[in-house]
Each structure stands twice: as structure tokens, then as C-alpha cells.
Amino acid sequence: MTEATTVRPIGLHRTAPSIRYQVAMPQPESHLFEVTLFVKGWQEPVLDLKLPVWTPGSYLVREYAKHLQDFSADTGDQRNRLLARKISKNHWQIETADTSEITVRYRVFANELSVRTNHLDNTHGYFNGAALFFFIPRWEQQPIRVTIVPPKPDWRVTTPLRSLPGEPNTFEAADFDTLVDSPFEIGTQQLYSFDVLSKPHQLAIWGQGNANPERIIEDTKKIIEVEAELFGGLPYDRYLFLLHLSSNGFGGLEHKNSCSLNYSRFGFRAKEKYNRFMQLVAHEFFHLWNVKRIRPKALEQFNYEQENYTTSLWFCEGATSYYDMVIPYRAKIYDAKNLLDNLSKEITQLQMIPGRKVQPLSESSFDAWIKLYRRDANSNNSQISYYLKGEIVSFLLDLLIRARHGNQRSLDDVMRKMWQRFGIQEIGFTSQQLREVIESVAQTDLSDFFNRYIDGTDELPFDKYLEPFGLRLLSVESGESLPHLGLNVNAENGKTLIQFVEAASPAAVAGVDAGDELLAINGWRVTAEQLSDRLKDYSVGDTIQLSVFHQEELRTLPVTLGVPRPSRYQIVPLENLTQAQQQNFSGWLGTSVTKL
Ligand SMILES: [Zn+2]
């Protein structure tokens, strides 16, 4: 943690203003939070207020100000209004006249249930500071108090912020960053407390479903212990897991002392779904180090008003995604076979996306703001997720380091070194410094690796890195030979809609367009369900007549079918393993490769 320091306006010896917010929700079903800001001790003729346009952890300009309404300012007495005007989309300016006490009132519409937005209805209130609170330029380092006024007597307040003794439902953030980093849950959420390594933890659950809190807590404890062991302790006093159960939700947002999780309410019974949930827990918890404290230079000091560009999100999100697979395995939530199956699935996903040959990983990170969260029909042809490719590159780096050092070193040492060098003091790292740390752990020059796989688009040479561990990547063809067409379809309201056309595929060459409605093959109707089966009636090189509606115009296009593609990839053991390979494998995963 860094010490909060007061940054005063240059050349002025002003005493710091006190900043206090009150958040009420008298009619939760209206989805409107009623926010009042009290500024006291103000000594300047104008007061600027700015609302963030994004929130750390989710790299998209979300324009939170679009939900703000009914803005007014007064002296504390609503009859004494102060003149206020809007300067830009997120910037309000108040003429304070001679008053040192300013009260600002506004309402914020909150009807988007996600971990990075606000949600209020008659069951609960949830908000993120960036989407609800203004910052006062130059006074971002001032402590901020927040008082919550619950609408019903049985609604309570859960937040990682410190509560102020003697003042009901009142909390204090050391500065604006801390306020933004501290979500609030207000309602009848179930609360569970538990200790790990002598530190208090809480799990708060909103919503109904088939989650078993006791089991979740048992497994969460193991995850916390494994991650604490990796980094050498827990760098917080208290930690909160905030879980929203929703119909088909999936998502998480990391904070320094808490995380918000959104998961499918009935997603806890089936083993595979439960494991996916524990990966989400491991992921967001891992972030309390990687990205919340170990931060790229561009995120050292957040600029809440615009994009914060970095090429290193592949490490922040990719390495974290790799560890969200590894940690539950180390915590014995699932076994080595599950881990390798997980990795195989991710590799399959990567190899199915043509955009991997177009967009380098570092560029995917830099352009997160305009691409990853703003997908269109061409996205899979032109881009690759820094989560997906980042986790696989992290996996290969782990194998590279382990193979060179007989498992005496690994990506764990990179994480620890990044923590020691940058995280503890919260000094931002540059992409060059990240590379230096990885190279110092690997004890080799990685120019070639970075040029090809991080700054370039070369295919990842899986076998080269798997072979020292007695493994290889097997490409599996679908059972019967399925000639390649190159499009994905989706059934919607009785129609078969073409969602994606792979660039340069037979379908693309023939002129099939994403958004077209697929009708027939050789004059016979075909549905989304039947498409694969129907293609099996043809061979590579056959030309079929594909009928579609393109912007309501009937078109029949000749498509010449291509060579079948692998349907999936699987990491499998090699035959005739050497002793060195067997040792490498067991040194890595603690079990014998022959037991796979
Ligand atoms: Zn993440």
C-alpha cells in the first residue's frame, strides 16, 4: 500500500476541503441512486467536478455520465442555488460565489447488472465508485466519506472500505482511487466470514441458486493459501468476495482488497461448471497482485477521463488467466489431467481464430479500448484476445523456463520478481522491464520469442515447448471427413443466420457474407442443426450451390469445398519417453506422465 499524500494546488496554501457523499435509494424499483455531495472548506471561485469515463480493470470507455440526471448545486439550502454549467460530457463546473460549503445533488440510473456497472432494484443496490462519484481535480488524494441510506430496515451495507465507528453505514476511502476500487453491495445479501492465514475474509452472496457456500469457502481458502504461498503472504488487512448470482452471468472485476463476481445461479452443481467458477475466484484473487499492485506504467496513475494505453495487458490478463487454470490444480480442486484438458481447450480456441495471424498480442493489448470489447462480424478475422493468446504464451514461457532450469525455476519466479521489484511499492513497469525480468529468470535472450509471438504473429510452436515434458499437441479431425466451408451459423427465430465468415475460406471466396440468412444447399433447405451432417455428403473439391438471403435478396452462390480442418487439439503424452522427459513432467505437475 502507498501512503496517501495530499497534493495541493501549486502556489496556493489552501487548507484541504472535506469531501463527503451520501447515497440514498428511496425508490429502488426506479433504479435511481440519489447522490448528494457535500464539499466543505472550499476556497476557490469555481468547483470542478468530473465523472470517470471508465473503471480500472475493464478497458473500455463506458461513458458513465450518460446515466446521470437532475444535477444541481446549492449552498446547503436548496433555495440558494449555485450556478452550474456543463463543460464537457463528464465535466461540470459550479460557480461557488463566496460560499465555502457546497452541496451537489444528482441522480444516477442503475439498471445494468455487471461487475463494472451499477444495479439497483427492489432486491439490492450495487455500485462501482467510478460509475457514481465525481472526483475533484487536484484533490483526488483527499479522504472521502460515504454514508449509505438503505431504503429498508433489513438492508445492510457490505464494502471493503473501513467503516467509521459511531457513524452508522458510513465508510471512509483514503483517496479517490480507493473509492473507485471499493464496490458497495446494499441489501439482504448472505454474509459468511472466515479466516485464512490469520486474516479476515468475507463472502457476500446476492441472489438465489444452487451455490453451496460452505464448499465454496473451503475451496476458496485453498486458493488463497496457494496464491499467498506463491507471492509470500497476503498484502491486505481484510478481503471481500462479492458474488452476484444471475441467470446467465459470467464475469469478475478485481480490486485490491475485494473482487466482484457474477456467475450463473445454477452453475455450481455440475463439476465442470463448478471448476469454472473456482477458476474465476482464482483469477480475480490473483489480480490483487497482478494488475492491482503489479501495474504497467500506463496504469500506475489512472487517468479516469480517457484511454490508458499499454502493450502489457497480455501479461496482466494472460498470465492471470494461465494461473487461474494452474492454481485450482495446485489447490487440488482438480487434477493434472483436468489442467491439461483445460489448456488443450484453450489452444483449440486460439487455433480456430484466424485473427491470430493478423494481430500481434502486444497490439491486441494496446487496442483493447477499441477492439476487444467492441466486437463485430470481422473480429475473429482481424484480432486475437490478449486473455486467450496471453495465457497460452504465458504457458509456453513457463515451460521454456522450467525446461531450461529442470523445474528449479518457473513463471512463478517471474511473478515473484515482478512483485518484489514493482508490486510492493506500486511502481509501474514498462514492457521493456517486464521482458528484462522474464529474461533474467529464464537466463536467456528472448528477443526471438518476443518478436515472433508477442510483437509478431508467427504460429506458436507448441511441440517445441511440450516435447521436453514428454508431451505433444495432437490435432484431432472430426469423426467423418467434413469438407471445409468456413462459416458459423446460429438459429434465430426459425432462421439460420450466418454469424461469421472466415476470411479467405471457401464461403468467403464465393461471396457469402456475415449477416446473410442461410437457406439451402443444392436447392434443399438446410438448418443450423443439419449443416454439418449435410456437408458430409460432399467431398473436398466438390462445388455446392449455397442459397442465402443477402439483405433480403435471394442469391445462389457456387462454393467449392476445402480441405477438412482439425476440430480440436489435445495435449497427449509422447511414445517412448526418455527419463529426462519423465523427470521434467513429474517435476512440473507432481505426477507421472504415464498416468495421463
Ligand atoms: Zn482478469
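This report describes the overall build of a single protein chain and then its zinc site. The structure is a predicted model.

**The chain as a whole**

The chain contains 15 helices and 27 strands. Its C-alpha atoms fill a box of roughly 80 × 65 × 50 Å along the principal axes. A compact globule of 596 residues would have a radius of gyration near 25 Å, and the chain has 27 Å, so the two agree.

Of the 596 residues, 55% count as buried. When contacts between residues at least 6 apart in sequence are taken, 68% of them join residues at least 24 apart. The accessible surface of the chain is about 25700 Å², and carbon and sulfur atoms account for 46% of that surface. The chain carries 63 positive and 72 negative charges, and the mean positions of these two sets lie 3 Å apart.

**The zinc site**

Three residues of the protein serve as donors to the zinc ion, at 2.0 to 2.1 Å from it. The table lists them with their donor atoms.

| Residue | Donor atom | Distance range for the donors |
|---|---|---|
| His 283 | NE2 | 2.0 to 2.1 Å |
| His 287 | NE2 | 2.0 to 2.1 Å |
| Glu 317 | OE | 2.0 to 2.1 Å |

Along the sequence, these donor residues follow the spacing H-x3-H-x29-E. His 287 and Glu 317 are 30 residues apart and link distant parts of the chain. His 287 sits in the loop between helix 3 (271-286) and helix 4 (313-330), while Glu 317 belongs to helix 4. Are these two residues buried or exposed? Both His 287 and Glu 317 are buried.

Conventions
Residues are numbered from 1 along each chain as its sequence is written. This is a predicted model: local features need pLDDT of at least 70, side-chain atom pairs count only at pLDDT 80 or more; totals for chains, interfaces and linings use all residues. Side-chain values use heavy atoms; hydrogens and water are left out. Donors are N, O and S atoms within 2.8 Å of the metal (3.2 Å for Na, K and Ca); water is not among the atoms, so sites may look incomplete. Helices (H or I, at least four residues) and strands (E, at least two) are DSSP runs, numbered from the N terminus. Buried means under 20% relative accessible area, exposed over 50%, partly exposed in between (1.4 Å probe, protein chains only). The radius of gyration is taken over C-alpha atoms; the globule rule is 2.2 Å times the number of residues to the power 0.38. Contact means heavy atoms within 4.5 Å. Accessible areas come from the Shrake-Rupley method with a 1.4 Å probe; for residues, only the protein chains shown count as cover. Lys and Arg count as positive and Asp and Glu as negative; His and the chain ends are not counted. The place of a charge is taken as NZ of Lys, CZ of Arg, CG of Asp or CD of Glu.
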